[in-house]
Amino acid sequence: MDTFLQQIINGLTLGSVYALVALGYTMVYGIIGLINFAHGEVVMIGAMVSLSVVTALLGAGSGVPAALIILAGLIVAVLVCMTLAYGMEKIAYRPLRKAPRLAPLITAIGMSIILQNLALMIWGRNYLTFPTLIEPTTHNVLGATMTDLQMLIVALAAALMAGLVFVVQRTRLGMAMRATAQNPQVAGLMGIDINVVISAAFVIGAALAAVAGLMVMTYYGIAHYYMGFLLGLKAFTAAVLGGIGNLAGAMLGGILLGIIEALGAGYIGDVSNICGFPMLSDTLQEKCAANDDQLSLFGSNYQDVFAFFVLILVLIFRPSGLLGERVADRA
Amino acid sequence: MKAPRAKSIPPKVWVGVALLALALTLLPFVAAFAGQAWVRILNFAMLYIMLALGLNIVVGFAGLLDLGYIAFYAVGAYVYALLASPHLGIHLPFWVILPLSAGIACAFGVLLGAPTLKLRGDYLAIVTLGFGEIIRIFLNNLNAPINITNGPQGVNLIDPFRIGSFSFARPEVVLGVAFSGPQKYYYLLLLITIGVIVVNLRLQNSRLGRAWEAIREDEIAAKAMGINTRNVKLLAFAMGASFGGIAGAVFSATQQFVSPESFGLFESIIVLAMVVLGGMGNISGVILGAILLTLLPEVLRYTMEPLQNALFGRVILDAETIRLLVFGVALVAIMLFRPAGIWPSAVRKRELEVKGGAA
């Protein structure tokens, strides 16, 4: 039972990060129907920028409290990412809004390659370690442990998501966004500046991505120029899982995906243990004996498979995602 | 509508074909002046042409976005690698494995396509993307407890292509002309590539090709016209996959080494970029895209360092980084200026002009 709860907690933490990134994908998709392939790279840039700021501040003076240093890193990262996303939309996506559907996808891939290699030039090829600023105090939760950092990540993610829901549901900008998502032409006729709305979707998504970048970096303690790729892929998977274009869906999908991954990684070894099977060849039996009766067909190195496997299953049985209303019928 | 076909081919065309054939025959020797590396690059260009044409069936003809296409390439490559290497101790001849590779890749295509083809557009894209990753992760991890794929180390010492004792991996002197290994492979690849191109050209204007195009343009209308959309789409998937399998087997035989690293998502994306950049649905465009995107990074690799030396007097950025950077910029720039691809198909072009872009 401890393992179960522990994996749920780990999954929840990772899931909150996925959810924040997934929101960026889903907002852009909901409004202009584009898979913003470079969004994962924005997360990476956010992580890298905040890392640089934090290391610089740590090197400069010792009197500053850790919380302030992290906050400064966060603010700079958010601003950089917002500017980046604004520029990216303006240069690479806006001119192609009326082009064939695959064209902006290719520019998005191009942007992704550009950002990765820019990061490679600036921050180098090596894994960078993030200094431990928050002392890892652990709390006992029903027999499992949860660190301060995990609590902070989950709480902050929840607060940001609540904030986003407020913006989308209650403000004029949010109303404009919803209207544009429904029908850009008509929204334009109603006096909404569509370009502003689309830029806003990109910029808000990028701000969330920057926060997610900092979170994932403090959580794992490392950053790398390539980290955005798989993270972005999984976040997109999360968005599709929940029903792309749907904010609540992205949150649900992210958290579900995190939990599924953590549980899968925690249990696959035991589930696929073949030592209990009655008919085993002699060599396999020897291996079992040598390995404490632990010989798994699949280990936790299959963690990344779960995400995609679940996704395929969901799409086959519920093609519009868990909370999606309709299948986007555009090829 | 059938495209009008000339009954007798004018002599001008024959001269053109002869010149092209001559040029293609001499090309590996011209490239060899710049180094054997360039002959290898030519071989890769042909492998990518096969891949891009296979993907073109799925994306360009049938309009199904496939982001995990490289998985079929991987399947083909590993089928050859496992059936013709000391790793499992099996050594079957190339011509036996080639159809087998195509067949198994095709089976995977059907396996993936059957449940997912009712999805449309982006959902299909993400499922195929997930499938590609799953295949790669399995290849990476299927070395324990039973060693099947040899994990991240990959399979090496794969048998080269040979006819009798005539091995394609060795340099050899034939009729007084010295051929290097890559140069011999060039001719084998050229033969297979031409075969693939011919099949694609014939497919495009066939009953099936027109059905694909109809589905791409309007699936509901196609269905109303009596096309069994599910089967036809499945056929597109299966055929695209088998071309991927063929290219994979040839890749295996050429390289004599495969590892999961060669089959990442980035490769899928590069092949997709070739198709889209060249001009979806237009075979000549796709070939052009494949050649351009294979050569561009290589040319950049060889020119960027001397260029920096000439401009700044020293190397500021290493060649690998800058070539990918320029590659990314090129992708964005080409799409911005020619959103339908460098050489768009006539049908697509017509659509763009009439409907003002909503393809």
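**Figure 1. Surroundings of B:Val271 in the predicted model.** Beyond its neighbours within four places in sequence, B:Val271 is in contact with six residues that are listed here: B:Tyr48, B:Leu51, B:Ala52, B:Leu55, B:Tyr69 and B:Ile70. Both B:Val271 and B:Ala52 are among the residues with the most contacts inside the largest nonpolar core.

**Figure 2. The largest nonpolar core.** This core holds 213 residues. Those with the most contacts inside it come from chain A, namely A:Ala19 and A:Cys81, and from chain B, namely B:Ala52, B:Val271, B:Ala273 and B:Met274. Helix α8 of chain A, residues 194-220, supplies the largest share of the core, with 17 residues. In chain A, α8(A) is also where confidence is highest, at a mean pLDDT of 93.

**Figure 3. Helix α9 of chain A.** The helix runs over residues 227-242 and has 16 residues. From its first C-alpha to its last, α9(A) reaches 23 Å, close to the 22 Å expected at 1.5 Å a residue. Of its 16 residues, 15 are buried, and α9(A) is thus described as mostly covered. After the helix comes A:Gly243, whose phi is positive, near 110°.

**Figure 4. The side of chain A that touches chain B.** Here 42 residues of chain A are in contact with 38 residues of chain B. The elements of chain A that give two or more residues to this side are α4 (102-123), α9 and α12 (303-317). With twelve residues, α4(A) gives the most. By type, the residues on this side of chain A divide into 31 nonpolar, five polar and six charged.

**Figure 5. Chain A as a whole.** The secondary structure of chain A comprises twelve helices and four strands. Of the 331 residues in this chain, 47% are buried. Among the contacts in chain A with a separation of 6 or more, 76% join residues 24 or more positions apart.

**Figure 6. Confidence along chain A.** The mean pLDDT of chain A is 85, and 90% of its residues reach 70 or more. Confidence in this chain is lowest in helix α11(A), residues 282-290, at a mean of 69. Over residues 327-331 of chain A, pLDDT stays under 50. For that stretch, the model has 14 contacts beyond four places in sequence. Where pLDDT is low, the predicted coordinates should not be read in detail.

Conventions:
Residues numbered from 1 in each chain as written. Chains lettered and ligands numbered in written order. Predicted model: local features only at pLDDT ≥ 70, side-chain atom pairs only at ≥ 80, totals over all residues. Expected span 1.5 Å × (residues − 1). Buried ≥ 20, exposed ≤ 12 C-beta atoms within 10 Å, placed from the backbone. Core = buried A, V, L, I, M, F, W, Y, C linked by C-beta atoms within 7 Å. Contact = placed C-beta atoms within 7 Å. pLDDT = per-residue confidence, 0-100. Nonpolar A, V, L, I, M, F, W, Y, C, P; charged D, E, K, R; others polar.
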